[in-house]
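Student: Could you take me through one part of this model in detail? I would like to look closely at the annotated binding site and then see how the rest of the chain is built.

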Amino acid sequence: MSHLKGIQIKVHDMSLRDGMHPKRHQITIEQMKTIAQGLDQAGCPLIEVTHGDGLGGASVNYGFPAATDEQYLRAVIPLMKQAKVSALLLPGIGTVDHLKMAADCGVTTIRVATHCTEADVSEQHISLGRKMGLDTVGFLMMAHMIEPEKLIEQALLMESYGANCIYLTDSAGYMLPEDVTARIALAREKLKPETEIGFHGHHNLSMGVANSIAAVAAGARRIDCACGGMGAGAGNTPMEVFVAVCNRMGIQTGVDVFKISDVAEDLVTPIMDFPVRIDRNSLTLGYAGVYSSFLLFARRAEAKYGVPAREILLELGRQKMVGGQEDMIEDTAITMARERGLLKASA
Amino acid sequence: MKKIKCAIIGPGNIGTDLLYKLKRSPVLEPVWMVGVDPTSEGLARAREHGLKTTDQGVDGMLAHVKADGVQIAFDATSAYVHKDNSDKLNKLGVMMIDLTPAAIGPYCVPPINLKEHAGKREMNVNMVTCGGQATIPMVYAVSRVQKVRYAEIIATVSSKSVGPGTRKNIDEFTRTTAGAVSRIGGADEGKAIIVINPAEPPMIMRDTIHCLTVDEPKQKQIEESVRDMVAEVQKYVPGYRLVNGPVFDGHRVTSFMQVEGLGDFLPKYAGNLDIMTASATRTAEMFAEEILAGRLTLEAA
């Protein structure tokens with residue numbers, strides 16, 4: 001793939017947003033500041049800082065964070081020498097009020113995320129982001145669930161609302177490189193030439209780096225990675241590995257491979273509560289196409305109700321649950337436990 | 001038996017489903033369907049059911065309100081035109097049941113505060129949102145037992161049951177529902193989340209209600225209160241079902257609901273829409289019963 005030599009791409013760090021999932025949203029403000037400064041010094045151009053489920057995600061359903069979105073953003077943004085900071089927003093969870101707050105804190109990029117078939121709920125947020133002069137990204141989650149042609153219809157909607165960049169997101173870590181190629185290539189063909197295309201991967205089948213390279217080859221110019229791989233499920237594409245591969249291939253990221261691997265090793269890995277890696281449960285996410293953030297909820301349900309997390313995850317996949325339905329994990333576990341005679345009849 | 005005559009404004013899916021429900025009511029009689037499009041299927045369907053129709057909006061009906069004895073109107077159009085519709089009809093002494101998100105009148109969640117509204121002779125009541133109708137009774141079921149410092153609801157609806165109006169302004173749903181969860185549900189703070197799921201065949205509406213109590217939850221009393229409330233809602237939405245719970249986890253009390261519609265005009269999975277039309281019908285029936293019993297006279301505003 002030497003034909004990719006010289007291509008410039010922008011990597012976008014997820015460890016302080018997607019990485020909030022394996023941390024149960026408990027990353028402290030001090031940890032955020034330290035890691036963000038490390039990323040900044042390593043040359044990472046864009047860093048996402050938000051609750052794992054986006055602005056306004058603080059809830060019983062997704063978890064209450066150690067600090068508010070506003071506190072995190074106000075702590076991190078002033079410390080950045082070159083890096084910019086982004087925020088994620090899922091309509092239905094966060095509102096335009098959150099978007100305005102984040103812009104007031106100084107984020108330059110707003111990413112509006114919907115399930116891959118529901119782009120039309122993002123109109124009010126994308127159009128406002130664009131009107132406010134923000135780098136406005138439409139983020140289509142669980143993009144493996146529909147065919148490329150259908151997916152691009154949704155991408156075109158987000159573009160029509162004013163998004164200047166469209167992400168195709170492998171939230172379940174389910175896609176294989178050929179799936180990525182088919183979707184990104186069609187997006188590149190159908191979207192306006194000036195609309196950037198991005199890819200966000202999860203490492204549940206160990207495909208994070210390979211999928212991201214396939215995305216670049218098909219025309220993506222923004223790639224989400226997480227330093228140290230800290231993200232939901234088996235984590236996101238590990239940034240230090242991706243940057244190393246890009247260096248070998250001549251793809252320019254502007255990130256220093258040794259500095260970023262030091263951040264991963266010295267700052268990110270030490271704060272993990274458990275190794276973010278492929279185990280039987282995160283493997284199941286990728287294998288069955290289940291939303292990566294469901295992992296810890298399924299583990300907790302296993303501990304409480306005695307139904308194996310893997311079986312809960314498979315059932316959630318069978319029922320075609322989408323991102324945001326974390327409440328259905330406990331519900332499903334209770335129903336399964338009852339069917340197996342693990343609960344008293346009264347419950 | 002004498003029935004109170006009603007008008008439905010908005011001949012779309014909601015308006016048509018309302019028509020079916022009103023036709024079954026022992027105290028209500030739908031007589032007018034109001035639209036703006038002469039080619040509307042909904043208006044044609046209403047004519048087949050013997051209703052008078054107009055494609056000139058509310059203005060097309062105003063001259064007939066008195067002669068036809070219309071006393072209650074349902075607005076199933078949009079927040080933008082609701083105030084105008086309401087003002088014109090209130091002036092003629094017609095009370096308004098608002099199914100739009102306009103919310104110029106007080107929120108009405110039948111098992112909680114319908115009696116109070118009828119007693120106060122409100123001329124405009126608002127039906128909150130579908131998520132609100134499905135969840136606020138369960139918040140109240142906990143808050144009437146003990147103090148709830150925070151309540152959060154997650155409404156998951158099938159993609160096919162969410163219309164373009166809701167999609168264009170989904171923030172309105174989260175804001176309005178959260179406000180009513182707190183104000184009507186009786187929690188100090190409210191939060192609402194909506195998730196849209198495109199699975200085929202379409203999933204039946206699911207709702208999860210989390211309450212955080214100030215003190216240790218009184219399990220027995222809450223369980224009883226929740227069961228009573230489910231039975232209360234089932235009187236007008238038979239497909240309202242407690243799937244799991246209440247689950248007690250520290251100070252968290254969680255109920256997992258399913259809302260299946262009656263399948264009048266809307267499909268059964270669209271429990272989110274059915275609970276709106278059913279709640280609106282229930283509300284109108286309570287006002288109608290008061291009028292018929294001579295305890296309530298609607299006056300021109």
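Tutor: Happy to. In the UniProt record, an unreviewed entry, the feature "binding site" is placed at B:S161, B:V162, B:G163, B:P164, B:G165, B:T166, B:R167, B:K168, B:N169 and B:N272. Keep in mind as we go that the model is predicted.

Let's start with B:S161. You will find B:S161 in the loop between β7 (148-158) and α8 (164-168) of chain B. Is B:S161 buried or exposed? B:S161 counts as buried, because it has 23 C-beta neighbours inside 10 Å, and the cut-off for that class is 20 or more. Setting aside neighbours within four places in sequence, the contacts of B:S161 are B:P202, B:Y269, B:A270, B:N272 and B:L273. Among these partners is B:N272, which the UniProt record also lists under "binding site".

Now move along to B:N169, which sits in the loop between α8 and α9 (170-183) of chain B. With 18 C-beta neighbours inside 10 Å, B:N169 counts as partly exposed.

B:N272 leads us on to helix α11, which spans residues 271-292 of chain B. This helix lies across β1, β2, β4, β5 (95-98) and β6 of chain B, and runs at about 165° to β4(B). Those strands belong to an open sheet of six, ordered β3-β2-β1-β4-β5-β6 in chain B, with parallel pairing. At the edges stand β3 (52-54) and β6 (124-126) of chain B; each has a single partner strand, so one side of each is left without a neighbour in the sheet. From one strand to the next, the twist averages 25°.

Within that sheet, try following β1 (residues 4-9) and β2 (residues 28-34) of chain B, which run parallel and are joined by six bridges. B:C6 is a handy place to look, as it stands opposite B:P30 in β2(B). Helix α1 (residues 13-24) of chain B lies across β1, β2 and β4 (70-75) of that chain, at about 155° to β2(B).

Finally, step back to the whole chain. Chain B has 11 helices and 11 strands. Its radius of gyration is 19 Å, close to the 19 Å that the globule rule gives for 301 residues, so chain B is as compact as a globular protein of that length. Of those 301 residues, 56% count as buried. Among contacts in chain B with a separation of 6 or more, 69% come from residues 24 or more positions apart.

Technical notes
Residues numbered from 1 in each chain as written. Chains lettered and ligands numbered in written order. Predicted model: local features only at pLDDT ≥ 70, side-chain atom pairs only at ≥ 80, totals over all residues. UniProt positions renumbered as here; feature names shortened; annotations may be inferred. Helix = DSSP H or I, 4+ residues; strand = E, 2+ residues; numbered from the N terminus. Buried ≥ 20, exposed ≤ 12 C-beta atoms within 10 Å, placed from the backbone. Contact = placed C-beta atoms within 7 Å. Rg over C-alpha atoms; globule rule 2.2 N^0.38 Å. Pairing = 2+ DSSP bridges. Axes fitted to C-alpha atoms, helices over the stretch in contact; angles between N-to-C directions.
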